[in-house]
Amino acid sequence: MGEEVGFLGLGIMGKAMSMNLIRHGFKVTVWNRTLSRCDELVEHGASFAETPAAVVKKCKYTIAMLSDPSAALSVVFDKDGVLEQMCSGKGYVDMSTVDSDTSSKISEAITSKGGCFLEAPVSGSKKPAEDGQLVILAAGEKKLYEEALPAFDVMGKKSLFLGQVGNGAKMKLVVNMIMGSMLNAFSEGLILADKSGLNTQTLLDVLDLGGIANPMFKMKGPTMIQKSYSPAFPLKHQQKDMRLALALGDENAVSMPVAAAANEAFKKARSMGLGDLDFSAVYEAVKFPENSS
Ligand SMILES: NC(=O)C1=CN([C@@H]2O[C@H](COP(=O)(O)OP(=O)(O)OC[C@H]3O[C@@H](n4cnc5c(N)ncnc54)[C@H](OP(=O)(O)O)[C@@H]3O)[C@@H](O)[C@H]2O)C=CC1
Ligand SMILES: O=CC(=O)O
């Protein structure tokens, strides 16, 4: 635990995850594109670096938690990026949700500089991140997985090593494709109950008692009924995951009409200006499809 760990990207997830590392005694150096977002972490004991390259220079391994493939690539390949200081003996752990091609590109670049690469996207949202209860889906260099396990144990409740680079990314996309499709079916059910004269809270109670009870319905149902969409998992990221999962389906000739329809609803929600709200705001797009532009 004596080694310095780097952390790039202090959004909803990165802030909670790096905070957990600090709380558990890790020495953490942080960077975020909007630098002011580092202040709170520094107040809690983190060190700050001006660029991703400066973080990598200082740290044995560096974790990233960034919004999407273009952010993940930019932080590695752009000026002052991760690659500039990557070398033998250093590791890079990308925990962002991206597609396997993006992850492979990053892996090749890191290993070509002599470094080790691990992808480690996570299942679980803001609250599990705050509580250290994420599920970590790692793949890539086993040696780096073992090195990062003490950090994973603090950030998550379970870590899985899934083999070669790409398997973690794919697993995460399959899980989120299912989650996005379920949320659409749930939204339609809430609307159907309401329009057909049923009490939506009673529907939530019935669902929670039966075989399709799940934490997502239990957590999101009450806030959806109240139209409260404070972002835990931003809708724009869920739509990105649906898009990437559908591309994975294309590559493998897997027909996914349910996921494709769910993706349309998330796109519609984005066109209604709901992208920065929680992904449960897709309920508004399902309820008022005519509001899309
Ligand atoms: N929220 C959730 O429930 C979960 C999210 N995820 C995944 O984790 C990742 C992060 O999600 P979350 O924290 O919610 O997202 P946020 O939108 O809250 O944070 C995104 C982070 O990426 C940074 N970023 C965006 N674009 C760039 C860029 N071009 N260059 C450098 N940095 C950039 C942002 O910096 P800045 O502050 O400057 O904008 C910010 O630090 C995503 O891949 C998401 O799909 C996975 C599981 C759960
Ligand atoms: O990616 C989102 C999640 O809740 O997991």
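These are my notebook entries on two ligands and two residues in a predicted model.

**Entry: ligand 1, surroundings**

I began with the shell around ligand 1. I found 26 residues in it, and the closest are N32, T34, R37, S125 and K240. I then sorted the shell by class: twelve residues are nonpolar, nine are polar and five are charged.

**Entry: ligand 1, backbone contacts**

Next I looked up polar atoms of the backbone that face ligand 1. For L10, a polar backbone atom is 3.2 Å from an oxygen atom of the ligand. For L66, a backbone N or O atom lies 3.0 Å from an oxygen atom of ligand 1. At A232 the ligand atom is a nitrogen, and a backbone N or O atom of the residue lies 2.8 Å from it. I also checked the cover: on its own ligand 1 has 910 Å² of accessible area, and the protein covers 89% of this. I listed the elements that give two or more residues to the shell, and they are α1 (12–23), α4 (69–77) and α11 (235–251).

**Entry: ligand 1, position**

Where does ligand 1 lie with respect to domain 1 (4–163) and domain 2 (170–291)? I noted that both domains give residues to its shell, so ligand 1 lies between them.

**Entry: ligand 2, surroundings**

I turned to ligand 2. Its shell consists of S123, G124, S125, K172, N176, M179 and F233. By class I count two nonpolar residues, four polar ones and one charged residue. Which element gives the most to this shell? I found that it is α8, with three residues. S125 is a name I had already written down, as one of the closest residues to ligand 1, and it is listed around ligand 2 too.

**Entry: ligand 2, polar contacts**

I looked up three pairs that involve an oxygen atom of ligand 2. From the backbone, an N or O atom of G124 lies 2.9 Å from such an oxygen. From side chains, an N or O atom of K172 is 2.7 Å from an oxygen atom of the ligand, and a polar atom of N176 lies 2.8 Å from one. Taken alone, ligand 2 exposes 200 Å², and the protein buries 90% of that. As for position, domain 1 (4–163) and domain 2 (170–291) both give residues to the shell, so ligand 2 lies between them.

**Entry: N184**

I then moved to single residues. N184 sits in helix α8, which spans residues 167–195. Is N184 buried or exposed? I have it as buried, because its relative accessible area is 7%, under the 20% cut-off. Not counting residues up to four places away in sequence, N184 touches A262, A265, F266, V282 and V286. I also looked up a pair with E146: the two residues are 38 residues apart in sequence, and their C-alpha atoms are 38 Å apart in space.

**Entry: Q239**

My last residue was Q239, which lies in helix α11. That helix had come up before, as one of the elements that give two or more residues to the shell around ligand 1. Q239 counts as buried, at 4% relative accessibility. Leaving aside neighbours within four places in sequence, I found Q239 in contact with N263, F266, K267 and R270. F266 is also on my contact list for N184. How far is the C-alpha atom of Q239 from that of G180? I read 8.2 Å, for two residues that are 59 residues apart along the chain.

Notes
Residues numbered from 1 in each chain as written. Chains lettered and ligands numbered in written order. Predicted model: local features only at pLDDT ≥ 70, side-chain atom pairs only at ≥ 80, totals over all residues. Heavy atoms only, no water. Near = heavy atom within 4 Å. Polar contact = N/O pair within 3.5 Å; in protein donor to acceptor, adjacent residues only side chain to side chain. Areas by Shrake-Rupley, 256 points an atom, 1.4 Å probe, with all protein chains shown as cover. Helix = DSSP H or I, 4+ residues; strand = E, 2+ residues; numbered from the N terminus. Nonpolar A, V, L, I, M, F, W, Y, C, P; charged D, E, K, R; others polar. Domains from an automatic or database assignment. Buried < 20%, exposed > 50% of the residue type's maximum accessible area, 1.4 Å probe, protein only. Contact = heavy atoms within 4.5 Å.
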